[in-house]
Amino acid sequence: MSRSLRLLALLGTAAVLAGCASAAPAPAASEYQLSGTLEVYAAASLQRSFDEIAAAFEAVHPGVTVSTVYDGSSTLATQIGEGAPADVFASADEKNMAKVEASAPDPQLFAANTLVIAVPAGNPGAVASLADLARVTTVLCAAEVPCGAASATLLSNAGVTVAPASAEQNVTAVLTKVAAGEADAGLVYETDVVGRDDVEAIVPEGADAVVNRYPIATLTDAPNPAAASAFVTFVLSDEGQKVLAHAGFRAP
């Protein structure tokens, strides 16, 4: 082959390669890696499940660090209303999500929960029903907290009046006092007692009529909106729902 023909062949090959390169599609926006810190504000009853979900989410998105704040939903809603830099809010009821409606315009239900009577292992107070809560040392969630509002409804439906030894700001605090033997009983969520051997659970009559539904939302002022949206999607996905079901949560 002459020198001129070889040159033409090389130029032709270069042109073909250039054409292929220009025809290659740009990566979709969803393919770009998420990064940064993701601030999730979640109801205390979600801690075990959301710790697991956060770890799984970080494994899928290694550029993201999930930082989760757990507390009573009413406390978290107040903090968000005051400008806390949250990306995602997961509430234990729809009432407290509604308090931040301007910041969370599109909440989606992802789980449900019911109440049980928690007693220390061995049930030293011999508690068998809601009526027994009136005679033993009982701790409840405060009325403004979702578990407190649900407890009030459950007790009212049963015609039982309880003067609690304390009114806690989240369900974790109630369970902690019962497990430590500081109270003979407390009303907590069904999911709070799953897998524990320091407390026992009694399903009270009428529990199925008092169901808390859990909404989750990306906040409009989220510092990391892309990661926030992806996290909400992950919670709603089959993988996220399996984690929640394993912890005892019901479908909403």
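This tour visits a sheet, a pocket, a cavity and a set of salt bridges in turn. The structure is a predicted model.

**Stop 1: the sheet**

Begin by selecting β5, β6, β7, β8 and β9, and display them as a cartoon. These five strands form an open sheet, arranged in the order β7-β6-β8-β5-β9, with mixed pairing. The edges are β7 (166–168) and β9, each of which pairs on one side only. Looking across the strands, one finds an average twist of 35 degrees from one strand to the next.

Next, narrow the selection to β6 (residues 138–141) and β7. These two strands run parallel and are joined by three bridges. To see a particular contact, show V139 together with S166 of β7, which is the bridge partner of V139. In general, strands of a sheet pair through backbone hydrogen bonds, in either a parallel or an antiparallel manner.

**Stop 2: the largest pocket**

Hide the sheet and select A44, R48, T172, D192 and R196. Of the 13 residues that line the largest pocket, these are the closest to its centre. The space in this pocket is about 210 Å³. Now add the helices α2 (47–60) and α6 (171–179) to the view: each supplies at least two residues of the pocket lining. Colouring the lining by residue class gives four nonpolar, six polar and three charged residues.

**Stop 3: the largest cavity**

Keep A44 on display and add A43, A92, V145 and Y189. Among the 13 residues lining the largest cavity, A43, A44, A92, V145 and Y189 lie nearest its centre. A44 is thus named both for the cavity and for the largest pocket. The largest cavity holds about 60 Å³ of space, and the count of cavities of 30 Å³ or more comes to one. By class, its lining consists of eight nonpolar, four polar and one charged residues.

**Stop 4: a salt bridge beside the pocket list**

Return to R196, one of the residues named for the largest pocket, and add D198. R196 and D198 form a salt bridge, in which the closest N and O atoms are 2.7 Å apart. With a relative accessible area of 34%, R196 is partly exposed; D198, at 29% relative accessibility, likewise counts as partly exposed. Across the whole structure, a search finds six salt bridges.

**Stop 5: the network at R250**

Finally, select E190, D208 and R250 and show their side chains. The three residues are linked in a network of salt bridges.

Take the pair R250 and E190 to start with. Their closest N and O atoms are 3.5 Å apart. This salt bridge links distant parts of the chain, since R250 lies in the segment after α8 (238–246) and E190 in the loop between β8 (185–189) and β9 (199–202), 60 residues apart.

Then turn to D208 and R250, whose salt bridge has its closest N and O atoms 3.2 Å apart. Here too distant parts of the chain are linked: D208 is in the loop between β9 and β10 (212–218), 42 residues from R250 in the segment after α8.

To close, colour the network by accessibility. Which of these residues are exposed, and which are partly exposed? D208 counts as exposed because its relative accessibility of 57% is over the 50% cut-off. R250 has a relative accessible area of 34% and is partly exposed, as is E190 at 26%.

How values were computed: Residues numbered from 1 in each chain as written. Predicted model: local features only at pLDDT ≥ 70, side-chain atom pairs only at ≥ 80, totals over all residues. Heavy atoms only, no water. 1 Å grid on protein atoms, 1.4 Å probe; cavity = no way out; pocket = protein on both sides within 12 Å on 5 of 7 lines; lining within 4 Å. Points joined across faces, edges and corners; volume = space filled by probe spheres on them. Nonpolar A, V, L, I, M, F, W, Y, C, P; charged D, E, K, R; others polar. Salt bridge = Lys/Arg side-chain N within 4 Å of Asp/Glu carboxyl O. Helix = DSSP H or I, 4+ residues; strand = E, 2+ residues; numbered from the N terminus. Buried < 20%, exposed > 50% of the residue type's maximum accessible area, 1.4 Å probe, protein only. Pairing = 2+ DSSP bridges. Axes fitted to C-alpha atoms, helices over the stretch in contact; angles between N-to-C directions.
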